[in-house]
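Load the model and keep the selection panel open. The stops below are given in the order in which to select them.

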Amino acid sequence: MTKVLIVLMGFLLMFLSETLGTGEQLTYKDPTKPLNVRIKDLLGRMTVEEKIGQMVQIERLNASADVMKNYFIGSVLSGGGSAPSKNASAKDWVDMVNEIQKGALSSRLGIPMIYGIDAVHGHNNVYNATIFPHNVGLGATRDPQLVKNIGSATALEIRATGIPYAFAPCIAVCKDPRWGRCYESYSEDPKIVQEMTEIILGLQGEIPPNSRKGVPYVGGKDKVAGCAKHFVGDGGTTKGINENDTVIDRHSLLSIHMPGYSHSIIKGIATVMASYSSWNGEKMHAHKELLTGFLKNTLNFKGFVISDWQGIDRITSPPHANYTYSIIASVTAGVDMIMIPYDYKEFIDKISYLVKNNIIPMSRIDDAVWRILRVKFVMGLFENPLADYSLVNEIGKKEHRELAREAVRKSLVLLKNGKSTSTPLLPLPKKTQKILVAGTHANNLGYQCGGWTIEWQGASGNNLTSGTTVLDAIKETVDPETEVTFEEQPNKESLQSHGFSYGIVVVGEYPYAETNGDSLNLTIPDPGPSTITDVCGAMKCVVIIISGRPVVIEPYISSMDALVAAWLPGTEGKGITDVLFGDYGFTGKLPRTWFKTVDQLPMNFGDPHYDPLFSFGYGLTTEPIKA
């Protein structure tokens, strides 16, 4: 009898170990169970170390399988320009993300990590991806449905690389173009920013009609979790200085900078990123009243709050001066996941001490982890933690490039057309004897795309990714018999005996991102101004400005026959020639005020001293030429 019992016990233990090992009988791994039941079950099984690990996001360079397993890391990211290799393919990305994920899945509870990336105008870190116009250009389209479609296309390209999480959209309301991130803002008008939160439904999917307000929603394997950023007031800092102080009263903060967040939450946004900036001297990463009191309690946001890159370090000046204080201040304020991204061991050691000594209460840790797990469960990460190659052909596919081309042509704002209204220059004739194309930005895909393209700061040249420059688009659009001459910086002598029917000058800003783009003068870099005056002084000319914001053009405008604001259009240069040569009409409207001089700044529509060169909402129209 004893032997029989021993054998039976052995079979029982073997059955239990097998079922536990395969995940059967574990409530949190059962997709048929209610969401909150699964979260509660998993949270109840987790040690303090496992909970803290979920709150940690590290850069992919640190994310070895051993690190993921031994530190229970909850999230990994690619910083700007951080890729598995130069010109990495979609398959290369999938393989890298899966290797990291396998490390996470090998931990005791097998909790999948969530991989995040900045995809702020398409999947912009990835070679051959479709690069859409930056947000300022999309704001000029006044077309929320277009922006939603861009969200859907971007989600597919992100998923093609095995990544399920995008740090987008930026819903900043830029009130001063001197800010280096102004091109990431749709408009100076909160209503336009609010309307453009439609991109969330493209990225994450249409929220079900019975969904509770504030609960994150991500609709399947062709959608990604989004991130509304940067909470809150990032676009209102003094003199537009990046990461600076937004000095306004509460009513202005809530009426100007908050509406985008309330609309994002209604649309099921999964995550919100805290801003480096301050509100009236108090750092947003440590602002409990706004992060917990307003965002989580008043707006009922149920996703997780993530810090910006080393964001908690910058609570102190200089950064990292008192890291223990920064951890206490940010976590107790309501930051749930910390983008560390490198020195994760120091963070884990310090927060572990703070939790074990009840300096940070366990209830706050449980709340943070509950929110992180909620997003992971909602996304289906537990059921489908590993990516495959099924979507790799979505990268840069024809339909997405056509969508980007549509966005470009709708984003262009025609600011001047003819020395007088009776003599418009545009649309240009395709068939003529000889045309000149000039300027630093006419044949430079990197300049055309701007910052956050392959590299964090962007790059120069035509080899960083695939696309069509303005020059190539012109050559492909004009009549085969039309001679196209390109001179980046033509000299005055050659212009005197030219014989050109007209000139197309393409100049603007060089690429930048974040603080590197802060500018107090907002001038077009040399040789842009001289190219304008030389070419326009010698022939009829249209000037196309490639820039992330309004720049100083008043001194040169009288010499131009036509002027087009093209923003940062991305890879699809044919969108410019579609409108320039009359296949489509100009329809774009200024998403922000175009100033006369920087001394007027900040100056926004409705201000008492409002005296712009071109008013917010301005934009001439043309009719397409009928074939």
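The tour goes from one helix to a set of side-chain pairs.

This is a predicted model, in which local features need pLDDT of at least 70, side-chain atom pairs count only at pLDDT 80 or more, and totals for chains, interfaces and linings use all residues. Residues are numbered from 1 along each chain as its sequence is written, and side-chain values use heavy atoms, with hydrogens and water left out.

Select residues 362-379, helix α15. Helices (H or I, at least four residues) and strands (E, at least two) are DSSP runs, numbered from the N terminus. The end C-alpha atoms of α15 are 26 Å apart, which agrees with the 26 Å expected for 18 residues at 1.5 Å a residue; the expected span is 1.5 Å times one less than the number of residues. Among the buried residues of α15 are R364, I365 and R371 (buried: under 20% relative accessible area; exposed: over 50%; partly exposed: in between; 1.4 Å probe, protein chains only). Step to G380, just after α15, for a positive phi of about 80°.

Now show salt bridges (a side-chain nitrogen of Lys or Arg within 4 Å of a carboxyl oxygen of Asp or Glu). The whole structure has 33. One network links K296, D336, R364, D367 and R371.

Next, select D118 and K229, whose closest N and O atoms are 3.2 Å apart in a salt bridge. D118 sits in the loop between β3 and α6, K229 in strand β5, 111 residues apart. Both D118 and K229 are buried.

Finish at R250 and E289, a salt bridge at 2.5 Å, N to O. R250 is in helix α10 and E289 in helix α12. R250 is partly exposed at 33%, as is E289 at 41%.
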